[in-house]
Amino acid sequence: MTANLADKITQKIFRTVGYAADSIGRECYIVGGYVRDLIIGRSSKDIDFVTVGSGIELAEAVGRELGPKTHIAVYRTYGTAQICRGDLELEFVGARKESYRRESRNPIVEDGTLQDDIARRDFTINAMAISINSDTFGDLLDLYDGLGDIRRRIIRTPLDPDITFSDDPLRMLRAIRFATQLRFEIYPDTFEAICRNAARIEIITPERIKDELSKIMRSPKPSIGWDLLLRTGLLRIIFPELAALRGVEIVNGRGHKDNFYHTLGVLDNVASKSDNEWLRWAALLHDIAKPATKRFDKALGWTFHNHNIVGAKMVPRIFKRLRMPLGAEMRYVRKLVDLHMRPIALVEEEVTDSAVRRLMNYAEEDLADLMILARADITSKNEEKKQRFLDNFDIVDEKFKEIRIKDAERARRNPVDGLEIMKIFGLPQSPTVGFFASNLKQAIKDCEIEDTREASLRYLLDLAQRNGIPVVEYPADLLPQDQ
């Protein structure tokens with residue numbers, strides 16, 4: 001016992017569970033991530049309890065203490081039980097020990113001692129337990145100096161890391177995920193063991209890998225995780241397209257930037273502005289096709305023509321392989337990858353209303369996110385150049401506001417209304433009138449024509465001619481020779 005944390009476990013539920021354990025003569029401990037987060041000061045709603053004996057029997061005893069309306073979910077195959085209490089989720093399990101077969105991460109589970117249960121856990125910071133029995137309430141059991149590792153801010157395995165990672169290779173991703181979430185360092189011996197065992201990740205299902213990658217992406221600074229994945233050798237196995245961005249090639253003394261670390265910079269820039277996980281994925285994938293489109297031109301140097309278009313085509317394949325959603329989320333990421341060059345191209349040219357309106361029409365409801373990505377993509381170390389681009393983006397943002405005002409005003413009045421269409425073409429109120437009106441509206445929206453009366457009339461006359469619809473009364477404000 002290294003400390004007593006009774007002052008940190010003040011919720012009534014801990015005394016209730018401890019009393020239930022005492023009533024059936026069982027030791028009971030809070031274990032795992034809840035203990036870690038309690039010490040660190042992170043909020044956590046999932047509480048795991050371990051007892052020496054049957055976890056299901058303990059859960060049933062707790063249910064009796066909480067009252068007849070308490071619902072207990074029992075999983076006899078795994079020897080666990082679960083109780084939901086308000087916004088808390090309580091899980092009960094008996095102490096156990098595990099052994100593994102080389103070809104699977106699914107353990108062979110046997111009853112064990114509390115020490116066995118602690119030793120089987122992945123990292124020292126997760127291998128602590130707090131007693132909640134009345135006579136030892138709050139005592140911390142810390143066999144592997146997890147408390148010290150929290151203070152030192154390191155991720156380390158309790159036992160031999162080679163055995164730990166070979167037994168369950170998912171723990172390699174968990175080490176990287178915890179290092180990213182908590183901003184801890186991976187202990188050198190543990191890091192080197194990940195490098196040695198990286199190939200073992202191939203026995204892990206894509207679904208489990210995707211879950212860990214998503215947690216890395218939702219972290220405050222996700223680049224930490226992706227850099228660790230690269231340096232351990234895991235990235236080239238689970239995400240070779242991203243690993244291919246690493247490196248700088250030099251021809252005739254001319255090199256390009258390291259697109260991997262540029263991408264991580266863009267990702268962190270986006271993460272600092274938005275919690276949207278899918279916008280972060282768009283940042284990670286925005287340059288994914290640069291290796292495939294890289295060419296050296298003697299006059300221009302390195303080029304990556306159409307990498308946005310090729311990258312957008314790669315997004316569905318990557319999402320499918322990583323078992324990520326293939327619906328609206330994938331389409332959103334694909335769209336932003338496709339469009340991410342448009343704002344930059346816009347500020348390099350004259351910022352015209354028609355060019356801005358085209359971008360607005362392409363991006364639609366994702367325009368604000370596209371501009372976050374575009375701003376994040378400016379990672380130049382030349383501060384003057386960087387500020388020039390950002391200032392130009394401010395001009396574009398002002399154009400967006402101006403055009404929205406103009407469009408709102410134009411929406412209140414059509415250059416040529418339905419009544420005049422009926423008069424020009426001698427039509428009754430009918431779908432043909434709607435055909436003319438809707439096509440005119442779309443032509444203006446798509447910037448095919450200006451939003452003036454003259455341009456609208458010319459468009460309608462041309463549309464009528466192409467569809468074999470005669471003009472009955474030629475517009476008085478267009479001269480005959482203009483037909």
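## Exercises on helix α1, the cores and the aromatic rings

W226, F239, W278, W281 and F319 come together as one aromatic cluster. The model is predicted, so local features need pLDDT of at least 70 and side-chain atom pairs count only at pLDDT 80 or more, whereas totals for chains, interfaces and linings use all residues. Residues are numbered from 1 along each chain as its sequence is written, and side-chain values use heavy atoms, with hydrogens and water left out.

**Exercise 1.** Find out which residues have the most contacts inside the largest nonpolar core, and which helix gives the most to this core.

*Solution.* Begin with the term: a nonpolar core is a set of buried Ala, Val, Leu, Ile, Met, Phe, Trp, Tyr and Cys residues joined through side-chain atoms within 4.5 Å, where buried means under 20% relative accessible area, exposed over 50% and partly exposed in between (1.4 Å probe, protein chains only). The largest such core has 116 residues, and W226, F239 and W281 have the most contacts inside it. Helix α7 (residues 170–182) gives the most to this core, with eight residues; helices here are DSSP runs of H or I with at least four residues, strands are runs of E with at least two, and both are numbered from the N terminus. Another core, of 20 residues, lies apart from it and includes V416, I424, Y459 and L478.

**Exercise 2.** State which residues of α1 are buried, and what covers them.

*Solution.* Helix α1 (residues 12–23) has twelve residues and reaches 17 Å from its first C-alpha to its last, close to the 16 Å expected at 1.5 Å a residue, a span reckoned as 1.5 Å times one less than the number of residues. Its buried residues are I13, F14, T16, V17, G18, A20 and A21. Their cover includes β2 (28–31), α2 (33–40), β3 (46–51), α3 (55–66) and β6 (88–94), counting as contact any heavy atoms within 4.5 Å.

**Exercise 3.** Work out how the rings of F49 and F92 are arranged, and which strands hold them.

*Solution.* Rings of Phe, Tyr and Trp (its six-membered ring) pair if their centres lie within 6.5 Å, and planes under 30 degrees apart count as stacked, over 60 as edge-to-face and the rest as tilted. A search of the whole structure finds eleven aromatic pairs. The pair of F49 and F92 is stacked, at 5.1 Å centre to centre with 15 degrees between the planes. F49 belongs to strand β3 and F92 to strand β6, 43 residues apart, and both residues are buried.
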